[in-house]
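Work through the exercises below with the sequence and the model open. Each task is followed by a solution in steps.

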Amino acid sequence: MYRKNSRGFDRRASPVVALGRLQIAGGPEFGRQFAGVSAESASRAIMKALELDPADGQAWVLQAHLLIDMHQPADAKYALLKAEQLGADSAWLALNWAEVYEDQGNIEAAMEKYRSVVANSAAKKAALNHALQELTVYYAAHHDWERADETFLKAIAINPRGAWLRLRYADTLLAHGEFEKAIRYARETLQIKDYAAARRVLAVALYGRSAIDVNRQENRARAQASYDEAHALLPDLDAVAVEASRYSGTRIIAETLIREGLVAKMRVFRRLD
């Protein structure tokens, strides 16, 4: 693809930059992926663009994007600094900086970059959606559910049929013990696309709802119905307990399965404090 399309680009960098951009899919559902070509093919297009015009800031932004995908954050940082020196200014410049900051452990700086993308009225849907998803996960990790829901719903408004977007949020909610919301968004995911991961999230969240009802000694009928539906989806209780014991938000599932005599403590339960 590169050889076919690069003929005639020997004096102009911008078409080759466009070619490199087309070969990188930062899609709203699946994040960073290569669309039908390899990373090497995209890299060749970008390197050709830089050979033709080393002062093309957008080519340096794409170079940073690739370097992040290839787990070379130091080189990516150099490319981003070069892009800024050359006057590049785009949502993906900010997003790439955010990922470099995250790699450095500077989470707050990363979140500021994501917020700048959300505030950028010129940001394209893919970039905006990516920033909103990252902010949603951040707010959820801080139990700021009002802002987590707000950013998630903004992302859904951009991509109403976003099955993966719903699944990612359902999984995040599940890890934090937000079982009712996790059930809701896992079901919505499955209405759009039958992901095996969505069935797993739904099953574990249903086990969570059942555990809550059992521990509160109320709504035993709902507890049993939730358990039955969960068991039909994911019948391996040992595996459920092992997975649930890994997160504080879901540990109640493992504890309840053990107390009810459904799994053996010594086999599956471990505390992660």
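**Exercise 1. Helix H8**

Task: Determine how many of the 17 residues of H8 are buried, and compare the span of H8 with the expected one.

Solution. The coordinates are those of a predicted model.
Step 1. H8 is mostly covered, with 13 of its 17 residues buried.
Step 2. At 1.5 Å a residue, the 17 residues of H8 should span 24 Å. The expected span is 1.5 Å times one less than the number of residues. The C-alpha atoms at the ends of H8 are 24 Å apart, which agrees.
Step 3. Just after H8, His 143 has a positive phi of about 55°.

**Exercise 2. The nonpolar cores**

Task: Find which residues have the most contacts inside the largest nonpolar core, and which helix gives the most to this core.

Solution.
Step 1. The largest nonpolar core has 53 residues. Those with the most contacts inside it are Tyr 114, Val 117, Tyr 169, Leu 174, Tyr 207, Ile 253 and Leu 257.
Step 2. Helix H8 (residues 125–141) gives the most to this core, contributing 8 residues.
Step 3. Another core, of 13 residues, lies apart from it and includes Trp 60, Val 61, Ala 76 and Leu 93.
Step 4. As background, nonpolar side chains in soluble globular proteins tend to be buried together.

**Exercise 3. Three residues and their contacts**

Task: List what Leu 174 touches, what Tyr 207 touches and what Thr 172 touches, leaving out residues up to four places away in sequence.

Solution.
Step 1. With that exclusion, Leu 174 touches Phe 179, Ala 182, Arg 200, Val 201, Val 204, Ala 205 and Thr 250.
Step 2. Tyr 207 lies in helix H12 and is buried, with a relative accessible area of 2%. Not counting residues up to four places away in sequence, Tyr 207 touches Tyr 227, Ala 230, His 231, Leu 234, Pro 235, Leu 237, Val 240 and Ile 253. Of these, Leu 234 is 27 residues from Tyr 207 along the chain, and their C-alpha atoms are separated by 9.6 Å.
Step 3. Thr 172 is in helix H10 (residues 163–175). Its relative accessible area is 13%; the cut-off for buried is under 20%, so Thr 172 counts as buried. Under the exclusion used above, Thr 172 touches Val 137 and Ala 140.

**Exercise 4. Helix H13 and its faces**

Task: Establish where the buried residues of H13 fall around its axis, and what they pack against.

Solution.
Step 1. Helix H13 (residues 220–233) has 14 residues, which at 1.5 Å a residue should span 20 Å. Its end C-alpha atoms are 20 Å apart, in agreement.
Step 2. The buried residues in H13 are Ala 223, Ser 226, Tyr 227 and Ala 230.
Step 3. Seen down the axis of H13, its buried residues fall within an arc of 100°, so they line one face of the helix. In general, an α-helix has 3.6 residues a turn, so residues three or four places apart point the same way.
Step 4. The face turned away from the buried side of H13 carries the exposed residues Ala 221 and Ala 232.
Step 5. Helix H12 (196–216), helix H14 (237–244) and helix H15 (251–259) are what the buried residues of H13 pack against.

**Exercise 5. Helix H9**

Task: Name the buried residues of H9 and the helices that help to cover them.

Solution.
Step 1. Helix H9 (residues 145–158) has 14 residues, and its end C-alpha atoms are 20 Å apart, which agrees with the 20 Å expected at 1.5 Å a residue.
Step 2. Trp 145, Ala 148, Asp 149, Thr 151, Phe 152, Ala 155 and Ile 156 are buried in H9.
Step 3. Their cover includes H8, H10 and helix H11 (179–192).

**Exercise 6. Aromatic pairs**

Task: Classify the aromatic pair of Trp 97 and Tyr 101, and state whether each residue is buried or partly exposed.

Solution.
Step 1. The count comes to 7 aromatic pairs. In the pair of Trp 97 and Tyr 101, the ring centres are 5.5 Å apart and the planes are at 25°. Planes under 30 degrees apart count as stacked, so this pair is stacked.
Step 2. Trp 97 and Tyr 101 are 4 residues apart in helix H6 (residues 91–104), a separation of about one helical turn.
Step 3. Trp 97 counts as buried at 5% relative accessibility, whereas Tyr 101 is partly exposed at 21%.
Step 4. Elsewhere, ring pairs link Phe 152, Tyr 169 and Tyr 185 into a cluster.

Notes: Residues numbered from 1 in each chain as written. Predicted model: local features only at pLDDT ≥ 70, side-chain atom pairs only at ≥ 80, totals over all residues. Heavy atoms only, no water. Core = buried A, V, L, I, M, F, W, Y, C linked by side-chain atoms within 4.5 Å. Buried < 20%, exposed > 50% of the residue type's maximum accessible area, 1.4 Å probe, protein only. Helix = DSSP H or I, 4+ residues; strand = E, 2+ residues; numbered from the N terminus. Contact = heavy atoms within 4.5 Å. Phe/Tyr/Trp six-rings, centres within 6.5 Å; stacked < 30°, edge-to-face > 60°. Arc of directions from axis to C-beta.
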